Amino acid sequence: RRFVAEGFPRWLSALASRRESPPCLGFASLWALARTPLLLLVLATAPARAERIVAITIDDLPFLGEPGPGDTVEAATGRLIDALVRRKVPATAFVTCDRTPEQLGVLRQWRAAGLELANHAGSHKRLDDLSEAAWEADVTTCGSTIAAHATQPRYFRFPFLQSGDSPRRRDAAAARLSALGYVTAPVSIDTADWLIAEAYPAAL
């Protein structure tokens, strides 16, 4: 809780105040309070004299785990959004639609703040654990759910970052996502902060 209320805003301020270009952070996961993995993705690294662009993405919306004692999903979500918006940090949040369907109303908080929502599949199952038809239904149903709460998502991230165990399956999934109008959001570094999410309630 203290990290979100104090540490995260200070980190954003420090990053914004640097005169030189920020380092290439790749993907770094982060989140304790809301237990929602925060991922930093380097979308592009241009030549040395050009601007470096870092996109912040957050996985597993609407919420991962349970809020702390006396806290609520809506309040924790609001603090995260406020830390981003007050510092004018754009972010894209990836939604797992079936995990906590009763909490999907918080997606409107993200859209009201002007933050983009993306597809992380409905069941959060690995591609290879589903048939091709079941996987496609998982993707398209979640996309429709997100569209009903906000807008049709443009980006997709594979659950567990697993895009297929064989070239045939990877190529077929990539082709189908493209046909559905999705851009796949990759990962360069995963710091497994979901482990923090599991340990956080036990430490309260």
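I started with Asp59: at 6% relative accessibility, this residue counts as buried. The model I'm looking at is a predicted one.

What does buried Asp59 pair with? I looked up the partner and got Arg157, with the two side chains in a salt bridge at 2.7 Å, N to O. Arg157 sits in the loop between β6 (155-156) and α5 (167-179), while Asp59 is in strand β3 (residues 53-61), so this pair ties together parts 98 residues apart in sequence. I checked Arg157 for burial too: its relative accessibility is 0%, and buried means under 20%, so Arg157 counts as buried.

Next I asked how many salt bridges a search of the whole structure finds. The count came back as eight. I went through two others.

Arg86 and Asp82: their side chains meet in a salt bridge, 2.4 Å from N to O. Both are in helix α2 (residues 73-86), four residues apart, which puts about one helical turn between them. I noted Asp82 as partly exposed, at 35% relative accessible area.

Arg169 and Asp128: I found a salt bridge between these side chains at 3.7 Å, N to O. Arg169 belongs to helix α5 and Asp128 to the loop between β5 (116-119) and α4 (132-149), so the pair links parts that are 41 residues apart in sequence. Is each partner buried or partly exposed? Arg169 is buried at 8% relative accessible area, whereas Asp128, at 28% relative accessibility, counts as partly exposed.

Note on methods:
Residues numbered from 1 in each chain as written. Predicted model: local features only at pLDDT ≥ 70, side-chain atom pairs only at ≥ 80, totals over all residues. Heavy atoms only, no water. Salt bridge = Lys/Arg side-chain N within 4 Å of Asp/Glu carboxyl O. Helix = DSSP H or I, 4+ residues; strand = E, 2+ residues; numbered from the N terminus. Buried < 20%, exposed > 50% of the residue type's maximum accessible area, 1.4 Å probe, protein only.
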